[in-house]
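Student: I have a model open on my screen and would like a close look at one part of it. Could you pick a helix with several packing partners and walk me through its surroundings?

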Amino acid sequence: MTRGGSDAGDRTPADRLFAEAADGRPGPQLSRLLARLAVRTGLPARDHDLFAGLLTGVFAEGQWSVDAVLPVLDAEALAAVPAAAATAAGDRHDRVVVAVARFAEQTGDLDLLGAMLDVVPNAQSAWLAAGRAAMALARRGELRDAVDVAHRCGLAAPG
């Protein structure tokens, strides 16, 4: 990509790269670079579908790529994460959802946590994601809600 093309707002070469990554599994290091480039070029706002496809391709790689990519996303880009996590393929789906829930808990993003609870694929993943939700609520000082979530999800016995 030439400096002139990039500075002039011509992002077509980068968009082709994003589309190729959406079709493949780029791996954690390249995934982080592509996600950072996507955010810098405004891809989440410019082409939501292409960005969602990029995330889906990244998430197909599994937990390591999820862990590498989430920290470089801005708020607008994070809005596409729940749909991409929900479409993660096969045996990696539960690991992707739990990895996103862990990130959401660590950053205190209760909306993202709630979205992950909506797409958990099985009881084990629900239990792990609910634990993350309870921890996030506890960190916010919402202890009553944290205990309620823990009780409802079988993380703690009713007192």
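Tutor: Happy to; what follows is a tour of helix 9 and its surroundings, with a few stops elsewhere in the chain.

Please keep in mind that this is a predicted model. The chain holds twelve helices and zero strands, so read from the N terminus on, the order of elements is simply α-α-α-α-α-α-α-α-α-α-α-α, each helix being a DSSP run of at least four residues. Of its 159 residues, 40% are buried. Among contacts with a separation of 6 or more, 59% join residues 24 or more positions apart.

Helix 9 spans residues 93-107. Two packed helices are described by the angle between their axes and the distance between the axes. Let's take the partners of helix 9 one at a time.

Start with helix 10, residues 110-119. Its axis and that of helix 9 come within 8 Å and cross at roughly 160°. That angle makes helix 9 roughly antiparallel to helix 10. The crossing of helix 9 and helix 10 is left-handed. On the helix 9 side, the contact is made by His93, Val97, Val100, Ala101, Phe103, Ala104 and Glu105, and helix 10 supplies Leu112, Leu113, Met116 and Val119. Sorted by class, the residues of this contact are nine nonpolar, one polar and one charged.

Now turn to helix 11, residues 123-139. Helix 9 and helix 11 pack at an angle of about 5°, and their axes are 9 Å apart. The two are therefore roughly parallel to each other. Here helix 9 contributes Asp94, Val98, Ala101, Arg102 and Glu105, while Ser125, Leu128, Ala129, Arg132, Met135, Ala136 and Arg139 come from helix 11. The class count for the contact of helix 9 with helix 11 is six nonpolar, one polar and five charged. If you compare the lists, Ala101 and Glu105 of helix 9 appear in the contact with helix 10 and also in the contact with helix 11.

One residue here deserves a zoom: arginine 102, which lies in helix 9. Is Arg102 buried or exposed? Arginine 102 is buried, because its relative accessible area is 18% and the cut-off for buried is under 20%. Leaving aside residues up to four places away in sequence, arginine 102 touches Gln63, Asp67 and Arg132. You have already met Arg132 as part of the helix 11 side of the contact with helix 9. As for Gln63 and Asp67, helix 6 covers 63-69.

Helix 11 leads on to another pair. The axes of helix 11 and helix 12, residues 143-152, come within 7 Å and cross at roughly 170°. Helix 11 is thus roughly antiparallel to helix 12, and their crossing is left-handed. Ala130, Ala133, Ala134, Leu137 and Ala138 of helix 11 meet Leu143, Asp145, Ala146, Val149 and Ala150 of helix 12. That contact counts nine nonpolar, no polar and one charged residues.

Next, the nonpolar core. The largest one has 45 residues, and Phe59 and Leu73 touch the most other members. Which helix gives the largest share of this core? Helix 9 does, with seven residues. Phenylalanine 59 touches Val66, Leu70, Val81, Ala84, Ala85 and Val96, again not counting residues up to four places away in sequence.

Right after Phe59 in the chain is alanine 60, in the loop between helix 5 (48-59) and helix 6. Alanine 60 is partly exposed, with a relative accessible area of 22%. From alanine 60 you can return to helix 9: alanine 60 and histidine 93 are 33 residues apart in sequence, with 8.3 Å between their C-alpha atoms.

Two further alanines are worth a click while the model is open. Alanine 21, in helix 2 (residues 12-23), is buried at 7% relative accessibility, and its C-alpha is 6.1 Å from that of leucine 54, 33 residues away in sequence. Alanine 75, in helix 7 (residues 75-78), counts as exposed at 66% relative accessibility. The C-alpha atoms of alanine 75 and valine 39 are separated by 9.9 Å, with the two residues 36 apart along the chain.

Methods:
Residues numbered from 1 in each chain as written. Predicted model: local features only at pLDDT ≥ 70, side-chain atom pairs only at ≥ 80, totals over all residues. Heavy atoms only, no water. Axes fitted to C-alpha atoms, helices over the stretch in contact; angles between N-to-C directions. Parallel < 35°, antiparallel > 145°, perpendicular 65-115°, else oblique. Left-handed = near helix turned anticlockwise from the far one by under 90°. Contact = heavy atoms within 4.5 Å. Nonpolar A, V, L, I, M, F, W, Y, C, P; charged D, E, K, R; others polar. Buried < 20%, exposed > 50% of the residue type's maximum accessible area, 1.4 Å probe, protein only. Core = buried A, V, L, I, M, F, W, Y, C linked by side-chain atoms within 4.5 Å.
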